[in-house]
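Let's talk through where a ligand goes in a protein model and what lines the spaces inside. Have a look at it before we start.

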Amino acid sequence: MENNQERGQWNDKLGFLLAVIGSAVGLGNIWRYPYLLYKDGGGAFLVPYFIAIITAGIPLVLLEYGFGHKFRGSAPLSYTRANRKFEWIGWVPAFASMVILSYYCVILSWAANYLIKSFNFGWSADPNAYFFDSFLQLSDGPFSFSHFSWPILIGIILIWGINWYYTYRGVSSGIEKVNKFMMPTLIVIMIIIVIRGVTLEGATLGLNALFTPDFSRLGDIRVWLDAYGQVFFSLSLAMGALITYASYLPRKTDLNNSAFITAFANCGFEFLAAIGVFGILGFMATQQNVPIDDVVTQSVGLAFVAFPQVFNLMGAFWGKVMGVLFFASLIFAGITSSLSLIETFTSSFIDKTGADRKKVATVAAIIGLLLSSMYATGAGLYLLDIIDHYVNAYVIVSLGMVEAILIGWAVGASKMREHANAISYIRLGSWWDIMIKFVTPVVLAIMLVLSVVEEVRNGYEGYPTTALLAYGVLMIVVLVVIGLVLSKRPWHDPRMVEHSGFEHDYYQTDEL
Ligand code: PHE
């Protein structure tokens with residue numbers, strides 16, 4: 001019989017909230033959002049961004065909380081309970097999570113290496129050359145693995161070790177505990193970075209550049225797609241993470257209120273990060289006497305090239321302090337996100353096979369470690385770039401669309417809304433059904449079509465088509481095949497899928 005001890009449950013609501021906010025706040029907030037805000041019209045970008053949050057972000061967070069809570073299961077179990085035919089859809093995010101993790105943990109390994117380098121500016125006086133030539137030893141193409149980096153592998157082992165440990169400990173004594181420590185610490189670190197950032201000479205230059213609205217950008221459909229893409233990735237949507245975390249909630253809990261809090265907290269953190277990053281970039285532009293445009297980058301270029309350059313400029317004391325704080329912030333934000341991805345995978349297998357969490361967590365960590373090791377080669381950055389592109393442009397978007405359609409239409413948006421409203425203080429109106437049934441699927445379908453058209457026309461970043469097929473397209477095919485194959489396998493206890501929803505005694509074991 002399923003019970004609380006086996007399935008796990010949050011100790012308290014704060015624990016749940018910090019865990020979902022921990023999942024949402026990640027690399028996406030720190031290194032992608034500031035750049036998008038700047039590139040896509042500054043203050044004007046807030047228009048599509050908030051529209052995306054209201055029309056897709058919040059409705060889908062609400063949907064995923066309600067879905068995981070009502071059906072009390074990991075993504076495959078929840079989908080199966082909703083309708084047996086949907087099971088395979090639930091396995092796709094379980095494995096796609098492992099794909100994201102495979103590179104997410106590599107970036108965290110780089111950050112761990114750079115945290116140590118912060119103590120002596122180990123990235124040398126030329127961080128650009130250092131990062132690509134000495135640290136990554138980037139090869140000349142995505143099929144040339146050339147070299148294997150031990151420091152990166154050691155970092156990967158460390159990060160996977162941490163991930164394994166907290167997953168192994170379980171929901172309340174592992175994931176919840178570490179979020180309760182890391183999230184408040186992360187916020188303190190970010191506040192220190194922001195205060196130092198905005199008090200640097202030239203910071204206002206960066207902030208003005210960041211926020212000066214350019215409304216003409218709103219005519220570009222790409223800007224809108226960026227806004228939706230960012231909201232999806234940043235709120236951890238469509239990957240099953242929120243469904244899984246919500247399945248550990250007790251029966252009576254205010255779902256709607258939690259969804260709004262999650263979205264606002266994630267959004268607030270994104271702002272904070274943008275202010276900190278642009279204050280620092282403004283300082284850099286001032287010191288080097290170049291226009292702000294020359295120093296603005298995102299992702300890898302921001303964290304491992306531009307920022308080390310700024311730390312060099314800050315002098316021995318502040319340079320080191322800010323280096324340590326910045327890389328620590330990436331690691332903390334990243335670990336709490338990666339835990340939610342591992343949990344998506346782990347809980348799917350625990351539900352399906354009835355195996356012990358400790359075993360499943362160990363197997364997951366070993367598979368993850370092996371996958372991540374591929375990125376410790378000279379081709380690592382190429383792999384990462386291609387796979388990340390395919391995950392973001394296709395996997396997440398299609399899963400979000402399918403999720404909205406299946407749950408909105410087949411399970412029934414109004415049924416889901418009733419479930420959430422019955423236990424929540426804020427009641428959702430029929431506007432929510434419209435968002436889920438029409439607006440979200442349509443927007444995501446447009447995104448998908450545009451991405452395919454763009455890809456067919458221009459490829460991606462000049463990579464050879466064979467590489468895109470091998471790492472991107474094949475990966476997606478494998479995800480679907482795994483989903484279909486696993487959905488043919490029986491559940492360890494057939495009674496698990498016979499009943500659905502909280503209505504039934506079978507899993508009504510957890511009164512508050
Ligand atoms: N939201 C995380 C970030 O912003 C990434 C993530 C995506 C985590 C999907 C879990 C699921 O970095």
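What follows is a chat between a student and a tutor about the ligand, its cavity and the main pocket.

Student: Before anything else, what kind of model is this?
Tutor: Residues are numbered from 1 along each chain as its sequence is written, and side-chain values use heavy atoms, with hydrogens and water left out. Local features need pLDDT of at least 70, side-chain atom pairs count only at pLDDT 80 or more, and totals for chains, interfaces and linings use all residues, since this is a predicted model.

Student: How many residues surround the ligand?
Tutor: Count a residue if one of its heavy atoms lies within 4 Å of the ligand. The closest are Ala 24, Leu 27, Gly 28, Tyr 104 and Phe 233, and the total is 14.

Student: Which residue has a polar backbone atom 2.9 Å from a ligand nitrogen?
Tutor: We're after polar contacts, meaning pairs of N or O atoms within 3.5 Å. A backbone N or O atom of Ser 23 lies 3.2 Å from a ligand nitrogen, and a polar backbone atom of Ser 234 is also 3.2 Å from a nitrogen of the ligand. The 2.9 Å one belongs to Phe 233.

Student: How many charged residues are in the shell around the ligand?
Tutor: Asp, Glu, Lys and Arg count as charged; Ala, Val, Leu, Ile, Met, Phe, Trp, Tyr, Cys and Pro as nonpolar; and the others, Gly among them, as polar. The shell has six nonpolar and eight polar residues, and as for charged ones, no residues.

Student: What is the volume of the cavity that holds the ligand?
Tutor: On a 1 Å grid over the protein atoms alone, a cavity is a set of points where a 1.4 Å probe fits but cannot get out, while a pocket is an open set with protein on both sides within 12 Å along at least five of seven lines. The ligand sits in the largest cavity (more than half of its atoms lie within 2 Å of the grid points). Taking volume as the space filled by probe spheres set on the points, that cavity comes to about 170 Å³.

Student: And which helix gives the most to the lining of the largest pocket?
Tutor: That pocket has a volume of about 1300 Å³, and lining residues have an atom within 4 Å of a point. Helices here are DSSP runs (H or I, at least four residues), numbered from the N terminus. With eleven residues, the top contributor is H17.

How values were computed
Polar contact = N/O pair within 3.5 Å; in protein donor to acceptor, adjacent residues only side chain to side chain. Helix = DSSP H or I, 4+ residues; strand = E, 2+ residues; numbered from the N terminus.
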